[in-house]
Amino acid sequence: MGKTIDRRSGVALWRQIADRMRLAINNGDFDDSGMMPSETTLAKKFGVNRHTVRSALASLSDEGMVRAVQGVGTLIERRDRLTFPISRRTRFSQGLGGQAKELEGRLVEQSIEAAAPVVAKALGLAVGAECVRLETVGMADRKPISTATSFFPANRFAGIGDIYARTGSITKALAELGVHDYVRQSTEISALHAEGIDLRLLKLSPGAILLVTTAINADTDSRPIQYSRSRFAADRVKFFVET
């Protein structure tokens, strides 16, 4: 848990500190004690006042990562992260299968849109061609794990949103539309701060970190069928890249 805080980054100090403490918790840095260091110790470590540290701890408390115990201190709530494998055949349900009793996909929004350049390039379409856009949430044991924005060629996958709303599965929706198998062509992994609708859908506090995968899936004839950008709550999921 580094001490360096960037006071000129434009990101609130308490958010930066919450990020570092979240990472330290996920890395198991405090496993021996099960408690967070005192506010005074943390304030000294980060070079800030106790009020700033208190705001960071309050944020982590809202996320369910820590809990204040009167007269004792701040207890770490142990929560094992799910492992999400990224491989040639990446599937939400199969990837998390066996780690959660109940998996569910929920449709938040669907629309028909003209393909922006980045989407058109990924799907091998002309710029402006019609695409189906789906906004979805992946749930594990009734807890939100990820949100995703996915695009599909509309001329081939009309109605995929309604099928997904009924089945809760992209794989099942594609199968009903004639694609019984597909493979991952590419995956780009990055990270960012959660904001906007992702905060609400994933029930996160400001400053929470998201792991982001930008991916292209293709059918067995190597024709791109899906371009997606999925955002995973970093405190709930870790990636395992299979080779």
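Is E102 buried, exposed or partly exposed? E102 comes out as partly exposed, at 34% relative accessible area (buried is under 20%, exposed over 50%, partly exposed in between, with a 1.4 Å probe and protein chains only).

## What you're looking at

This is a predicted model, where local features need pLDDT of at least 70, side-chain atom pairs count only at pLDDT 80 or more, and totals for chains, interfaces and linings use all residues. Residues are numbered from 1 along each chain as its sequence is written, and side-chain values use heavy atoms, with hydrogens and water left out.

## Salt bridges

The structure has 15 salt bridges (a Lys or Arg side-chain nitrogen within 4 Å of an Asp or Glu carboxyl oxygen). E102 pairs up with R142 at 3.5 Å, N to O. R142 sits in the loop between strand 5 (130-140) and strand 6 (143-153), and E102 in the loop between helix 4 and strand 4 (103-114), so this bridge ties together parts 40 residues apart in sequence (helices are DSSP H or I runs of at least four residues, strands E runs of at least two, numbered from the N terminus). At 62% relative accessibility, R142 is exposed.

Shared partners also join E109, E113, R133 and E135 into one salt-bridge network. D181 and R91 form another bridge, 3.3 Å from N to O; R91 is buried at 7%, while D181 is partly exposed at 26%.

## Nonpolar cores

The largest nonpolar core (buried Ala, Val, Leu, Ile, Met, Phe, Trp, Tyr and Cys joined through side-chain atoms within 4.5 Å) has 19 residues, with I17, M21 and F46 among those with the most contacts inside it. Helix 1 gives the most to this core, five residues. Apart from it lies another core of 14 residues, including V132 and F152.
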